[in-house]
Amino acid sequence: TGKIKDANITIKYSSPSVKGRTIWGGLEKYDVVWRAGANDATTFETDKDIMVEGKKLPAGKYSFFLLPRANGTWTAIFNKEAKDQLRVDVKVKALKETQERLIYKIDKKGFALEWDKVSVPVSVK
């Protein structure tokens, strides 16, 4: 849970571990929509309308998915009632050290999923 501008953001997720496995392109296949956590779908909730990567996302609770790709950008998906509310492309960043357990971080610029050697930052205003 965190705050971006005046919006309260809550991300609920299960946190898998790397455990020596190949994550990207192995356990989590490229070009296949992934629930962005373990066990159940990850949820993303905002109590105010926000701009995600420059596109409006109305206040509400969404299932959050990622579409990982081997190169270039990944797609972040906010889904409501079995329909995509918003899809945005995001540029992933390499982490200097392995992040063993999947985590989400929220700061004033947005949020990021970090796992293995990858950070997936999503800009929010």
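This is a short chat about the fold of one chain in a predicted model.

Trainee: Hi! Before I dive in, what kind of model is this, and which pLDDT do local features need?
Mentor: This is a predicted model, where local features need pLDDT of at least 70 and side-chain atom pairs count only at pLDDT 80 or more, while totals for chains, interfaces and linings use all residues. Residues are numbered from 1 along each chain as its sequence is written, and side-chain values use heavy atoms, with hydrogens and water left out.

Trainee: Cool. How many helices and strands are there in the chain?
Mentor: The chain has zero helices and 10 strands. Both are DSSP runs numbered from the N terminus, with helices being H or I of at least four residues and strands being E of at least two.

Trainee: And how does the radius of gyration fit with the globule rule?
Mentor: The radius of gyration is 14 Å, close to the 14 Å that the globule rule gives for 125 residues, so the chain is as compact as a globular protein of that length. That radius is taken over C-alpha atoms, and the rule is 2.2 Å times the number of residues to the power 0.38.

Trainee: What share of the residues count as buried?
Mentor: Of the 125 residues, 43% are buried. Buried means under 20% relative accessible area, exposed means over 50%, and partly exposed lies in between (1.4 Å probe, protein chains only).

Trainee: Let's zoom in on Phe-64. Where is the place of Phe-64?
Mentor: Phe-64 is in strand β6, which covers residues 60-67.

Trainee: Is Phe-64 buried or exposed?
Mentor: Phe-64 is buried, because its relative accessibility is 1%. Its strand fits that picture: six of the eight residues of β6 are buried, so β6 is largely enclosed by the rest of the structure.

Trainee: Which residues touch Phe-64?
Mentor: Leaving out residues up to four places away in sequence, the residues it touches include Phe-44, Ala-76, Phe-78, Tyr-104 and Phe-111. A contact means heavy atoms within 4.5 Å.

Trainee: Which strands does β6 pair with?
Mentor: One is β3 (residues 42-46), joined to β6 by five bridges and running antiparallel. Another is β7 (residues 73-80), also antiparallel to β6, over five bridges. Two strands pair if DSSP finds at least two bridges between them.

Trainee: What are the bridge partners there, say for Glu-45 and Phe-64?
Mentor: Glu-45 has Lys-61 in β6 as its bridge partner, and Phe-64 is matched with Phe-78 in β7.

Trainee: What is special about Gly-72 in the hairpin of β6 and β7?
Mentor: Gly-72 takes a positive phi near 75° in that hairpin, which has five residues between the strands.

Trainee: Now β2. Which residues are on its covered face?
Mentor: Strand β2 (residues 7-12) has Ala-7, Ile-9 and Ile-11 on the covered face, while Asn-8, Thr-10 and Lys-12 are on the uncovered one.

Trainee: Why would side chains alternate like that?
Mentor: In a regular strand, side chains alternate between the two faces of the sheet.

Trainee: And what does β2 pair with?
Mentor: β2 pairs antiparallel with β1 (residues 2-4) over three bridges, and with β3 over four, again antiparallel. Ile-9 is the bridge partner of Gly-2, and Ile-9 also stands opposite Thr-46 in β3.

Trainee: Last one: how do β9 and β10 pair?
Mentor: Strand β9 (residues 93-107) and strand β10 (residues 110-123) pair in the antiparallel sense over eight bridges. They form a hairpin with two residues between them, and Ile-103 stands opposite Glu-114 in β10.
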